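I set out to record what could be looked up in this structure, element by element. The entries below follow the order in which I consulted it.

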Amino acid sequence: MSSSQQDKSVFVTGAGGGLGFAIARAFVEAGARVGMLDLNKGLLDDAVASLPSGRAFPYVCDVSRRADVHAAVDDFTQRTGGLDVAVNNAVYFNYAPLVEMDEAVIDKMLDVGLKGVIWSLQAATPHLIARGGGTVINLSSIAVSFSIKNAAVYTSIKGAVDALTRQQAAELGVHNIRVNALAPGSVVTPGASSVIDEDGWRRRAERTALGSLATPEEVAQAALFLASDAGRAISGVTLKIDAGMTVLGP
Ligand SMILES: NC(=O)c1ccc[n+]([C@@H]2O[C@H](COP(=O)([O-])OP(=O)(O)OC[C@H]3O[C@@H](n4cnc5c(N)ncnc54)[C@H](O)[C@@H]3O)[C@@H](O)[C@H]2O)c1
């Protein structure tokens, strides 16, 4: 299949399931070769097995381990000849009242959701510069835009991801590197379903202007757009993919 992603090298963290897998699959279907990093080996094996052979490169790795992330990105870049797109998606979800959260949980959320994005950015940037340009896509959330019960740490992390996106867009533009974020609304995934019950999903669908939630595939299409030539003038933005949830408010 010919597209503007043809033979691009794309690295996605948290690519074993949920939105990361949908994004990895969309890039593969558009002709890219995709490095898929995930902590969960079983999930990653199944994800890679479902894709055409030779297009997906699995890395069982904890994104919070800086040296391991560098090694994975370096290896993928060596095997595919460079890097065009980095998608920083991995997350550790936990919702609870702030005062009840213990230090270990907060550390893990920060290590995966914020430091993991920083490690991936540090690993990817030299390769994108060597390529003469490229695209970074960080996964933010519309949760930054309004209050969500029990999500103080999660939303703080996503607010930081937004700030990091803008800072890196300013810093890396000179290298022809565009840095943007995607802010999904509520999307049914294994991770989100660990903190949202069935009634919660129903209520969220009712709170979209369009009457139904965005799907993982629709979020993935937005990632393809941002990474394509059609997005050439877009950098430093957070693009909401929320079926009109934000405009209705919480
Ligand atoms: N699903 C939603 O409703 C929603 C809404 C807004 C934003 N987001 C964001 O989208 C991104 C993906 O969310 P999702 O719903 O697909 O999550 P998910 O939990 O379903 O998938 C996350 C993936 O990351 C992997 N992972 C977890 N910890 C890891 C680690 N330490 N190292 C490497 N991989 C690790 C998991 O194994 C899993 O495959 C996240 O950044 C999330 O904050 C999701």
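**Entry 1: an exposed helix residue**

I looked up aspartate 107 and found this residue exposed, because only 12 other C-beta atoms lie within 10 Å and a residue with 12 or fewer is classed that way. I note at the outset that the model is predicted. Aspartate 107 belongs to helix α4, which covers residues 103-131. I then took the separation between aspartate 107 and isoleucine 23: the two are 84 residues apart in sequence, and their C-alpha atoms are 27 Å apart in space.

**Entry 2: the sheet**

I next asked in which order the strands of the sheet are arranged. I read an open sheet of 7 strands, ordered β3-β2-β1-β4-β5-β6-β7, with parallel pairing. The edge positions are taken by β3 (56-60) and β7; each has a single partner strand, so one side of each has no neighbour in the sheet. On average, and with direction ignored, neighbouring strands of this sheet are turned by 20° against each other.

I followed the pairing from β3 inward. β2 and β3 run parallel and are joined by 5 bridges. Glycine 35 stands opposite phenylalanine 57 of β3. β1 and β2 also run parallel, and 5 bridges join them. Here I noted that threonine 13 has leucine 37 in β2 as its bridge partner.

I then checked how far β1 is covered, and found 5 of its 5 residues buried. Ser9, Phe11 and Thr13 point one way from the strand, whereas Val10 and Val12 point the other way; all are buried.

**Entry 3: two valines**

I looked up valine 179, which lies in strand β6. I recorded valine 179 as buried, because 28 other C-beta atoms lie within 10 Å and the class begins at 20. Leaving out residues up to four places away in sequence, I listed the contacts of valine 179 as Val136, Thr165, Gln168, Ala169, Leu172, Ser235 and Gly236. For alanine 169, which is 10 residues from valine 179 along the chain, I noted a C-alpha separation of 4.7 Å.

Valine 144 was taken next, in the loop between β5 and α5 (152-172). Valine 144 is also buried, because it has 22 other C-beta atoms within 10 Å. With residues up to four places away in sequence set aside, valine 144 touches Thr155, Lys158, Gly159, Asp162 and Ala183. I noted further that the C-alpha atoms of valine 144 and serine 156 are separated by 7.4 Å, with their positions 12 residues apart along the chain.

**Entry 4: helix α8**

I took the span of helix α8, residues 216-227. Its 12 residues reach 17 Å from first C-alpha to last, which is close to the 16 Å expected at 1.5 Å a residue. I then asked which residues of α8 are buried. They are Pro216, Val219, Ala220, Ala222, Ala223, Leu224, Leu226 and Ala227. I traced what these buried residues pack against, and found α1 (18-29), β4 (85-88), β5 (134-139), β6 (177-184) and β7 (238-241).

**Entry 5: positive phi**

I went on to the backbone angles. Most residues other than glycine have a negative phi. I therefore recorded two non-glycine residues with a positive value: aspartate 7, with phi near 60°, and alanine 243, with phi near 55°. Aspartate 7 is placed in the segment before β1 (9-13). Alanine 243 is found in the loop between β7 and α9 (245-248). Are these two residues buried or exposed? Aspartate 7 counts as exposed because it has 10 C-beta neighbours inside 10 Å. Alanine 243 counts as buried because it has 24 C-beta neighbours inside 10 Å.

**Entry 6: the ligand shell**

Last, I asked how many residues surround the ligand. I recorded 30 residues, of which the closest are Gly14, Gly18, Leu139, Thr189 and Gly191. At least two residues of this shell are supplied by each of α1, β2 (33-38) and α6 (190-193). Sorted by class, the shell around the ligand has 15 nonpolar, 13 polar and 2 charged residues.

Key:
Residues numbered from 1 in each chain as written. Predicted model: local features only at pLDDT ≥ 70, side-chain atom pairs only at ≥ 80, totals over all residues. Helix = DSSP H or I, 4+ residues; strand = E, 2+ residues; numbered from the N terminus. Expected span 1.5 Å × (residues − 1). Contact = placed C-beta atoms within 7 Å. Near = placed C-beta within 6 Å. Nonpolar A, V, L, I, M, F, W, Y, C, P; charged D, E, K, R; others polar. Pairing = 2+ DSSP bridges. Axes fitted to C-alpha atoms, helices over the stretch in contact; angles between N-to-C directions.
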